[in-house]
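This report walks through one protein chain, going from single residues to sheets and cavities and back again. Please keep the sequence and the structure at hand while reading.

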Amino acid sequence: MSAETAPPTYLTTREVAELLRVKERKVYDLAASGGIPCRKVTGKLLFPRDEIEAWLAAGAGEAAPQSRPANIAAGSHDPLLDWAVRESGSGLATFFDGSLDGLTRLQAGEAALAGLHVYEPERQDWNLAHVREALGAAPVVLVEWARRQQGLLLGKALDGKIASVADLAGRRVVRRQASAGAGLLLDHLLAEAGLGAGQVDFLEEVARTETEAAAAVASGQAEAAPGLKAMARQFGLGFLPTVEERFDLVVDRRAWFEPPFQRLLAFCASAAFTAKAAELGGYDLSGHGRVIWNAP
C-alpha cells in the first residue's frame, strides 16, 4: 500500500463518531470520562487508530453508555437558588453541603449541578481554578448565578460594635463546615487580620447552610457567623459586609439540556425571580447567566 493510501495514524472526532455510529457529542463525553483512548494536542482531540481498533476488539465499544447525572443541585446553599429550584417546579432535588462537596459529587456523577463561591486569593477571583482542578476535561459549564454581599451576621448585642473581622477575637462564632466557601473565606479573612483559630471562640457544632448559620446567631447560640446580607435581613440581624462574592453554578453539559435544568433556566427569566432577589437583598443579578468557562 502506498503512502498516499495508507490509513491515518490518528482519527478525528468525526471519524470516530462515524466508526462507532454515534453522534460526535457522545465521543466527546467518552473522551472526557476516560472511556475511550485519545490524545489532546493543542486543544484538539485525536484518537490513535491502533488503540481504537484494540479497544473495539476488546469489547469496550459494547460498554454501557455513561449514565445521566442525578437530578440533584448540590454544592453551596444559596437562598435564592434554593427558592428558585422549588418555585420553578424544576424537579431538581437539593443536597447543599458546601462548595467543595458539590464539586466532588459532580465529579462522581451524583449531581447535575453545583453552586460555588470559593475565593481564590492568588487570582483575586472565584471558583474557576477549583473547577478546572476538580473536573479537568469533564463536560461542564461554569455560569454566573449572582453577585452576593458576603459578611458577618451579628447578634443584636454586637450590632455596631464589630468594625472589622479582627474584632471577632474572643467572640463566640459559629463555623461553617470545611467544604463551605463561606468557611474558607472566613479563614482567609482571619489570617489577613492576624487572628489565629485559637483567638476566636468557635462553637463545636458547625452550621451547614446559610439558614443554620443565621439561626444560630438569632437564637443567641453564637454572637456572630459568616453569612449573607440576605440572611441578616430575613432574621433581623446586624450585618458587617466583607466582600462582594461571585456565586456560580457549574453544570454538567448533559444535564443542561434536560427538562429539570431547562425549567429552572426558564423560571429565572421571569419577573418573579427578579422580584425575589430584590426582596431577599444583597443580590446583584446584572451578570446572571454569563458563561465563565465552557470546558473543551
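Which residues does Asp97 touch, not counting residues up to four places away in sequence? In this structure, which is a predicted model, Asp97 touches Gly75, Gln177, Ser179 and Arg208 once those neighbours in sequence are set aside. Asp97 itself is found in the loop between β5, which covers residues 93–96, and α5, which covers residues 99–107. With Gln177, one of the residues on that list, there is also a polar contact, in which the two side chains are joined at 3.1 Å. Is Asp97 buried or exposed? Its relative accessibility is 13%, and because a residue counts as buried when this value is under 20%, Asp97 counts as buried.

**The chain as a whole**

The protein chain has 296 residues, of which buried residues make up 46%, and its secondary structure comes to 12 helices and 15 strands. Along its principal axes the C-alpha trace spans about 85 × 40 × 30 Å. If we consider the contacts between residues at least 6 apart in sequence, 73% of them join residues that are at least 24 apart.

**A sheet of three strands**

One part of the chain forms an open sheet of three strands, in which the order is β1-β3-β2 and the pairing is antiparallel. The strands β1 (10–11) and β2 (39–41) stand at the edges, where each has a single partner strand, and so one side of each is left without a neighbour in the sheet. Strand β3, made of residues 44–48, pairs with β2 in the antiparallel sense over three bridges, and in one bridge Val41 has Lys44 of β3 as its partner. Helix α3, which runs over residues 49–57, packs on this sheet and touches β1, β2 and β3, while its direction makes about 65° with that of β3.

**A cavity and its lining**

How many cavities of 30 Å³ or more does the count come to? The count comes to one cavity of that kind, and the space in the largest cavity is about 40 Å³. Its lining consists of Gln150, Gly151, Leu152, Ala182, Leu185, Leu186, Leu189, Pro226 and Thr242. Strand β9 (140–154) and helix α7 (181–192) each supply at least two residues of this lining, and the largest share, four residues, comes from α7.

**Three buried residues and their surroundings**

Strand β9 also contains Leu154, which is buried with a relative accessible area of 2%. Leaving out residues up to four places away in sequence, Leu154 touches Ile162, Val217, Glu223, Ala224, Leu237, Gly238, Phe239 and Leu240. By way of a separation across the chain, the C-alpha atoms of Leu154 and Asp82 lie 23 Å apart, with their positions 72 residues apart along the chain.

Leu195 is placed in the loop between α7 and β11, the latter covering residues 201–202, and Leu195 is buried with a relative accessible area of 11%. Beyond its neighbours within four places in sequence, Leu195 is in contact with Val165, Ala166, Leu168, Ala169, Leu190 and Val200. For Val165, the C-alpha to C-alpha distance from Leu195 is 8.8 Å, although the two are 30 residues apart in sequence.

Asp252 is found in strand β13, which consists of residues 238–252, and Asp252 is buried, its relative accessible area being 5%. The residues that Asp252 touches, when those up to four places away in sequence are not counted, are Pro69, Leu106, Ala112, Pro139 and Val140.

**Two residues with a positive phi**

Finally, the table sets out two residues that have a positive phi although neither is a glycine.

| Residue | Phi | Place | Relative accessible area |
|---|---|---|---|
| Gln124 | about 50° | loop between β7 (119–120) and β8 (125–126) | 66%, exposed |
| Asn127 | about 75° | loop between β8 and α6 (128–135) | 0%, buried |

Both loops involve strand β8, since Gln124 is placed in the loop between β7 and β8, and Asn127 in the loop between β8 and α6. Gln124 is exposed, with a relative accessible area of 66%, whereas Asn127 counts as buried at 0%.

Methods. Residues numbered from 1 in each chain as written. Predicted model: local features only at pLDDT ≥ 70, side-chain atom pairs only at ≥ 80, totals over all residues. Heavy atoms only, no water. Pairing = 2+ DSSP bridges. Contact = heavy atoms within 4.5 Å. Axes fitted to C-alpha atoms, helices over the stretch in contact; angles between N-to-C directions. Buried < 20%, exposed > 50% of the residue type's maximum accessible area, 1.4 Å probe, protein only. Polar contact = N/O pair within 3.5 Å; in protein donor to acceptor, adjacent residues only side chain to side chain. 1 Å grid on protein atoms, 1.4 Å probe; cavity = no way out; pocket = protein on both sides within 12 Å on 5 of 7 lines; lining within 4 Å. Points joined across faces, edges and corners; volume = space filled by probe spheres on them.
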